[in-house]
Amino acid sequence: MFLFLANFLTPEPASTVAPQIDWLLYFIIWVSVIFTVGIFVGCVWLAVRFRHRPGINDMGSGPSHSNVLEITWSVIPLILVLLMAIWGFQSYMNISVLPPAGNGTLEIQVTGFKWGWQFTYPNGHTEPQLHVPVNTNVRLVLTSLDVIHSLYFRNFRVKKDVVPGRFNKFWFNATEISPMGKDLSRKKPDGSGYEDLSWSEPSSFEVDQALLEKNDPQTLEKAKSGFDIFCAEYCGNGHSRMLSKVFVHPDEDSYNRWLAAVSDPYRDNAAAVDVGLKLAKNNACFTCHSIDGSAGTGPTWKNMWGNPVKFTDGTGIPAVDEEYVYDSILYPQKQIVQGFGGAMPSFLGKINQRDAIAIMAYMKSISDAYKGPKEELKVVLPKPKEGQSLKDYVNGLGNAPSTAPAPAPNPNIKSEAQPYNPAGAPQSQGQGRNDAGAIKPGPGQNQRRSPNNAAGAGEDVKKN
Ligand code: HEC
Ligand SMILES: [Cu+2]
């Protein structure tokens, strides 16, 4: 009964600080209710009891002072107000003092903008929704791209301003698993591992829209399954659209599996060139390599593919090709480009054949010297086999059933929106692969290459 009013007012408490905040709120509400009712009833009673009656003009003078009364009505409110102040200050400190970083604490960057949220996870992946494991300290670092917003978790009872040019911090520790979190840990019916976690989540706003249009019950279920995130600082006419969800996973394992699934660059049959760009970003290649032609710590990637390179030892190669780039990534010290130091770290064990081919697709896309088919850059790259060499991997791409000339349309091109077929191979019209794994120009392609480039990317590999 005591809780009735407060439970009615607030959603399910789901963090370590939530019960504290709730009890304080209930306390203040009930003190207010009791005093309001008491004072109101007292007023009415006094007004009736001492109303003006005919014939009674002089009520006489009552007591002019009572120490007991004065002290009572000073001390009782003082105690109540002190309780609220101390209790409130404790809760405030609890929310404001962050748990130390590291030590099992998850740190997530939050960017507010007109009109939405972006959550950046420790591995650099970004999502418009927040995912966290249950019973884990989560530190949030908040900033805004435009105006002041406020990140508000109703169920966690925490809220913090998101201010442009500042990095506000706060934290929470979720104690309740959100409904979708329960769903995420669901084992497959045959017991072989877990359900696929790679679903892509629509934002709450999108879900609202979908509902308005189609009233799709499944989408509704999904939208209801996380805890709400609101913007609590009026920020413009799209303010009410700044809705998102926080999904609390049942354990760290489930959270990690989700993160791995969504941050897989090959997700959703992504085209090689897009995967390559993502991988290059994730592996910090761009801290040393520019794509605008300017030299950084390393040579620019602009127009690198297919053009000659000279090394510090006086040797060189006529054109940058697959073998050379793969070697440069795994063994950067083998050949040092003239004018540069040997500052590049080896990515041996971090970047596999598939990743390298994807990065190369990106390099090709920003080089005028690449005259190959544009389709080649958009293929969906299959997973490499255990211990496969680059040569075998590239050969595998060419040996697929579709080596027959000019099959159209290409089943692996993303824009065709066809399901990924691991057995099938990416395939470019009129193009075969030679034994060394280099791309060999197919019939009708020589004319499209300048003599300069034909010596490189198009011809047999001269090393290995
Ligand atoms: C710490 C800086 C640094 C990072 C990070 C770095 N590189 Fe390099 N890279 C260099 C330097 C310096 C050279 C030139 C010296 C050499 O050949 O090793 C180079 C050379 C290269 C070359 C040969 C370029 C040419 O013009 O011949 C390729 C290809 C390359 N890097 C790819 C990559 C890729 C892919 C990544 C990310 C996975 C990467 N690099 C990350 C510094 C870096
Ligand atoms: Cu806002």
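User: Why is helix α3 said to lie largely in the open?

Analyst: Happy to explain. A residue is buried if 20 or more other C-beta atoms lie within 10 Å of its own, exposed if 12 or fewer, and partly exposed in between, with C-beta atoms placed from the backbone. Of the 30 residues of α3, the number buried is 1, so α3 lies largely in the open. Please keep in mind that this is a predicted model, in which local features need pLDDT of at least 70 and side-chain atom pairs count only at pLDDT 80 or more, while totals for chains, interfaces and linings use all residues. Residues are numbered from 1 along each chain as its sequence is written, and chains are lettered from A and ligands numbered from 1 in the order in which they are written.

User: What makes 44 Å the expected span of α3?

Analyst: The expected span is 1.5 Å times one less than the number of residues. Helix α3 covers residues 67–96, and its reach of 42 Å from first C-alpha to last is close to that 44 Å. Helices here are DSSP runs of H or I with at least four residues, strands are runs of E with at least two, and both are numbered from the N terminus.

User: What makes helix α8 mostly covered?

Analyst: In α8 (residues 272–282), 8 of the 11 residues are buried. They are A272, V273, V275, G276, L277, K278, L279 and A280. Part of their cover comes from α10 (353–365). After α8 comes A284, with a positive phi near 60 degrees.

User: How do you know that β1 and β5 pair, and in which sense?

Analyst: Two strands pair if DSSP finds at least two bridges between them. Between β1 (residues 106–113) and β5 (residues 137–144) there are 7 bridges, in the parallel sense. Within this pairing, V110 faces L142 and T111 faces T143.

User: What joins β1 to β2?

Analyst: There are 5 bridges between β1 and β2 (residues 116–120), and the two run antiparallel. A hairpin of 2 residues connects them, and T111 stands opposite Q118 of β2.

User: Why are β3 and β8 placed at the edges of the sheet?

Analyst: The open sheet has 5 strands in the order β3-β2-β1-β5-β8, with mixed pairing. β3 (126–127) and β8 each have a single partner strand, so one side of each is left without a neighbour in the sheet. For β3, the partner β2 is joined by 2 bridges and runs antiparallel, with F119 opposite E127. For β8 (residues 168–173), 6 antiparallel bridges lead to β5, and N137 stands opposite N173.

User: Which residues of β5 lie on its covered face?

Analyst: V138, L140, L142 and S144 do, whereas N137, R139, V141 and T143 make up the uncovered face.

User: What kinds of residue surround ligand 1?

Analyst: The shell divides into 20 nonpolar, 9 polar and no charged residues. Ala, Val, Leu, Ile, Met, Phe, Trp, Tyr, Cys and Pro count as nonpolar, Asp, Glu, Lys and Arg as charged, and the others, Gly among them, as polar. A residue is near a molecule if its C-beta atom, placed from the backbone, lies within 6 Å of it. Of the 29 residues around ligand 1, C285, C288, G298, P299 and M344 come nearest.

User: Where is the confidence lowest, and where highest?

Analyst: pLDDT is the predictor's confidence in each residue, from 0 to 100. The mean is lowest in β13 (residues 432–433), at 35, and highest in β6 (residues 149–153), at 94. The protein averages 76, and 73% of the residues score at least 70.

Note on methods: Contact = placed C-beta atoms within 7 Å.
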